[in-house]
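Here is a walk through one protein model, starting from the empty space inside it and working outwards. Keep the structure open beside you as you read.

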Amino acid sequence: MSQPPPSPTVTVTFFTALQQLPDPRDTRGKRHQLALVLCGVILAMMAGRARVSAIHRFLTHRWEWLCELTQTTTPRCISRAHLPRLLARVDWAALTALSLRYFGVAVTAPAEPEWVALDGKALRGSRGEQVVLARTHQSGLILAHHPLTGPKAHEVPTVRTVLAQPQLCGRKVTVDAAHCNPHTTAQIHQAHGAYLVQLKANQPTLFAAVQALTATATPLGTQPSVDKGHGRLEERQATFFSLAALPLPARWQNSGLCTVVEVVRTTTQLTTAKRSQARAYYLTNQAAPTPAVQTELTTAIRGHWGCEADHWRRDVTLQEDQVRVKHPTQAHGLGVLRTVVLRVFRRIGAPNYQALIETLADSPARFTNLLRQVGFL
């Protein structure tokens, strides 16, 4: 049985820790170290390879370089036929935990922990497979990656599973309206965490009660803001109301509902002067008596959609949606490795991921320096 991966230190590299991952293969007939193959696949993705065939060509062309980097002696590259079979058998939960320890946690924790956005993302190259990601709002650290198989409705219990992970217990989290239910909110509240969740008509009784409250109650305060860009002017007015006077159904009693934020967005298209207006409601178990707290909640509402930036990077920069796979385990395995790549890129503070990928593909020397800089090798 493999030992738990060591904690990251100046003397233990990520590749050394990879060697501690459990290997599901029979010891008879093993020709390639699991750590060596996984390392090669990650480096291929960092150099812009996405499809399994392109990854295998990278391994074939750079095999001697890879063996030199890792100080291993394996004369032959893994075959094209065996590569996807091996990727489908890796213990991805263990690999995810390992990459989190090395690349997913800030070296210096902020005095006030960031809000974390949880959101699902479809793997369009597979048949109905998805992942649930947890990403910090400001620094963009990916704190959790969890596979999801089945209909979109399965995302709700999967998010609860992710929320139970140690790195998310007691954190401030934002989720979309699909997770506005008393089981999820109570789980966060009972774990001494904070939540900010959008309320829509999927909770009709509570939605109607909140609409009536905001129409008549005296607000705790307001937070206006204006943004101009992408050919439009967006004016937002966030208004805060206490839920103390609202009689809640018994099913919501353990959720600690405290404040509702009503956000009115007025958008003006600059070229046509066409105006549109939308109204949204957000629930939280946090009190909002002061402008400072109200500003934090308003920022968290907008910060939640920062997770879409990582979805775009996965789809466009790392070409996730273009990769066609037949087996769900392979789809999720490659998804975990893309998360590792994003964590490495985030660790070095790369401003332009596509430019970095092209640099790494063109310059093996700079590639080597980067890997040593982040403690990969």
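## The largest cavity

Start with the hole: the largest cavity has a volume of about 70 Å³. A cavity here is a set of points, on a 1 Å grid over the protein atoms alone, where a 1.4 Å probe fits but cannot get out. Grid points are joined across faces, edges and corners, and a volume is the space filled by probe spheres set on the points. Its lining is made up of Thr 174, Val 175, Asp 176, Leu 196, Gln 198, Tyr 282, Ala 300, Ile 301, His 304 and Trp 305, where lining residues have an atom within 4 Å of a point. Two or more of these residues come from each of β4 (172-175), β5 (194-199) and α9.

By class, that lining splits into 6 nonpolar, 3 polar and 1 charged. The bookkeeping: Ala, Val, Leu, Ile, Met, Phe, Trp, Tyr, Cys and Pro are nonpolar, Asp, Glu, Lys and Arg are charged, and the others, Gly among them, are polar. If you count cavities of 30 Å³ or more, you get 5.

## Where the numbers come from

This is a predicted model, so local features need pLDDT of at least 70 and side-chain atom pairs count only at pLDDT 80 or more, while totals for chains, interfaces and linings use all residues. Residues are numbered from 1 along each chain as its sequence is written, and side-chain values use heavy atoms, with hydrogens and water left out.

## The chain as a whole

The chain has 13 helices and 9 strands; these are DSSP runs numbered from the N terminus, helices being H or I with at least four residues and strands E with at least two. Along its principal axes the C-alpha trace spans about 75 × 50 × 40 Å. Of the 377 residues, 51% are buried, meaning under 20% relative accessible area with a 1.4 Å probe and protein chains only.

How does the radius of gyration fit a compact globule of 377 residues? The rule would put it near 21 Å, and the chain has 23 Å, which agrees. That radius is taken over C-alpha atoms, and the rule is 2.2 Å times the number of residues to the power 0.38.

## Two helices

Helix α9 (residues 291-303) has 13 residues, so at 1.5 Å a residue it should span 18 Å, and its end C-alpha atoms are indeed 18 Å apart. The expected span is 1.5 Å times one less than the number of residues. Its buried residues are Gln 294, Leu 297, Thr 298, Ala 300, Ile 301 and Gly 303.

Over in helix α3 (residues 52-70) sits Ile 55, which counts as buried because its relative accessibility is 1%. The C-alpha atoms of Ile 55 and Met 45 are 7.2 Å apart, with their positions 10 residues apart along the chain.

## Strands and the largest pocket

Strands β6 (residues 221-229) and β7 (residues 232-242) pair antiparallel over 9 bridges; pairing takes at least two DSSP bridges. Lys 228 partners Leu 233 in β7, and Thr 222 stands opposite Thr 239. The two strands form a hairpin with 2 residues between them, and His 230 in the turn has a positive phi of about 55 degrees. β7 also runs antiparallel to β8 (residues 259-269), over 11 bridges, with Ala 238 facing Val 263.

The largest pocket has a volume of about 390 Å³. A pocket is an open set with protein on both sides within 12 Å along at least five of seven lines. Of its 13 lining residues, the closest to the centre are Asp 227, Arg 232, Glu 234, Arg 236 and Arg 302. β6, β7 and α9 each supply at least two lining residues, and the lining has 3 nonpolar, 3 polar and 7 charged residues.

Notes: Buried < 20%, exposed > 50% of the residue type's maximum accessible area, 1.4 Å probe, protein only.
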